[in-house]
Amino acid sequence: MKDNKKERDQELALSQVKKSVDQVYDGIMGNALFILVNIHILVFLLFAEPDNLAVYYLLMAVVMIPLYPAYTALYVALRGTGEDKRSIYKRFFDGYRKQFKKTVVLGTLGSFFTAFMLYNSLFFSIIDQSAMRRAVDILLVFVLMFLLGLVPIIAEEKGTLKDHLKEMGKKLFQGVLRGAAALVLLFVSIYFGRLIIFPLIIGFSLAAYAQRVLYKHQKDRDFSEKQEANKTTRK
C-alpha cells in the first residue's frame, strides 16, 4: 500500500515537472515564433533611412501591421499549453489563421495610429510643446493598453469584433489593467533586451501569460459573483 502511494506521488511529481518544462519550452518557442513573424520590423528599424519623416512613419505603420495578429496568435498558442496536444507551432499558426480577419483590422488601425502619434510626439518635441507631447504620449499608451487588453477576449470568446468591443467596454478597467500589465512586461523586455538577451527570449510570452492569468481571474470572479447573485435571488 505504501509502495503504491509512493509510486503515485512520484508519478504526480513527474507530471508536474513535465508540465512546467512544457510551459517553459512553449513560452520560449512561442516567443521565438512571434519574433520570427515580425523580424521584418527589426530589419526596417535597422536599415531604413528617415530622409522624409512623414514617409518613414507611414512605412513604419505598414510594417507594424502583423504585430497584433502575431501577438494574438501567441496568446492562443500559449493558452493551449498542457491542454492541446498539438505542437506550439501548429497552435500558433492555427491561431494566426483563425483570428486573422479580426486582428488584422485592429492591427492596421493600431499601427497607423501608433505611427501617427509618434510622429506628432516628435513634432511637439521639436517645437518645444512639452504639454502637448505628454498628452499625445498618454493617449497613445491608453490606446495600446486597450488593444492589448482586448486580445484575451478575441482569443477566448466567440463572436464578431463588434461583440468583443462591447465586452471590452463592459469591463473596461479590467481590460485596460490587463493591457497595462502586458505593456509593462513588453517595455521591460525590449528595454533590457538591449543589454542582455534573456528578456527578449521570453518577454512576449510572459506578457501573454500575464494577460491569461488576469483574464482567468476576472472570469472566475464574475462567475462567483453570478452564483452569489443567484443564491440571493432564490432566498
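This passage looks at the confidence of a predicted model, then at the packing of two of its helices and the surroundings of one tyrosine.

Confidence comes first. Across the protein chain the pLDDT averages 86, and 87% of the residues score at least 70. Among the elements of the chain, helix α7, spanning residues 130-156, has the highest mean pLDDT, at 94. The lowest mean, 75, belongs to helix α1, residues 2-37. A general caution is welcome here: where pLDDT is low, the predicted coordinates should not be read in detail.

Helix α7 also takes part in a helix pair with α4, which covers residues 67-79. Two packed helices are described by the angle between their axes and the distance between the axes. For α4 and α7, the axes come within 10 Å and cross at roughly 50 degrees. Because angles from 35 up to 65 degrees fall outside the parallel and perpendicular classes, α4 is oblique to α7. The crossing of α4 past α7 is right-handed. On the α4 side, the residues in contact are Y68, Y71, T72, Y75, V76 and R79. Their counterparts in α7 are L147, L148, L150, V151, P152, I154, A155 and E156. By character, the residues of this contact comprise 11 nonpolar, 1 polar and 2 charged.

Attention turns finally to Y209, a residue of helix α10 (residues 198-234). The side chain of Y209 reaches the backbone oxygen of Q23 at a distance of 3.2 Å. Y209 can also be placed relative to A182, 27 residues away along the chain: the C-alpha atoms of these two residues are separated by 8.8 Å.

Note on methods
Residues are numbered from 1 along each chain as its sequence is written. This is a predicted model: local features need pLDDT of at least 70, side-chain atom pairs count only at pLDDT 80 or more; totals for chains, interfaces and linings use all residues. Side-chain values use heavy atoms; hydrogens and water are left out. pLDDT is the predictor's confidence in each residue, from 0 to 100. Helices (H or I, at least four residues) and strands (E, at least two) are DSSP runs, numbered from the N terminus. A polar contact is a pair of N or O atoms within 3.5 Å; within protein, one must be able to donate a hydrogen and the other to accept it, and residues adjacent in sequence count only if both atoms are side-chain atoms. Axes are lines fitted to C-alpha atoms, for helices over the stretch in contact, and angles run from 0 to 180 degrees between N-to-C directions. Angles under 35 degrees count as roughly parallel, over 145 as roughly antiparallel, 65 to 115 as roughly perpendicular and the rest as oblique. A crossing is left-handed if the near helix is turned anticlockwise from the far one by less than a right angle, and right-handed if clockwise. Contact means heavy atoms within 4.5 Å. Ala, Val, Leu, Ile, Met, Phe, Trp, Tyr, Cys and Pro count as nonpolar, Asp, Glu, Lys and Arg as charged, and the others, Gly among them, as polar.
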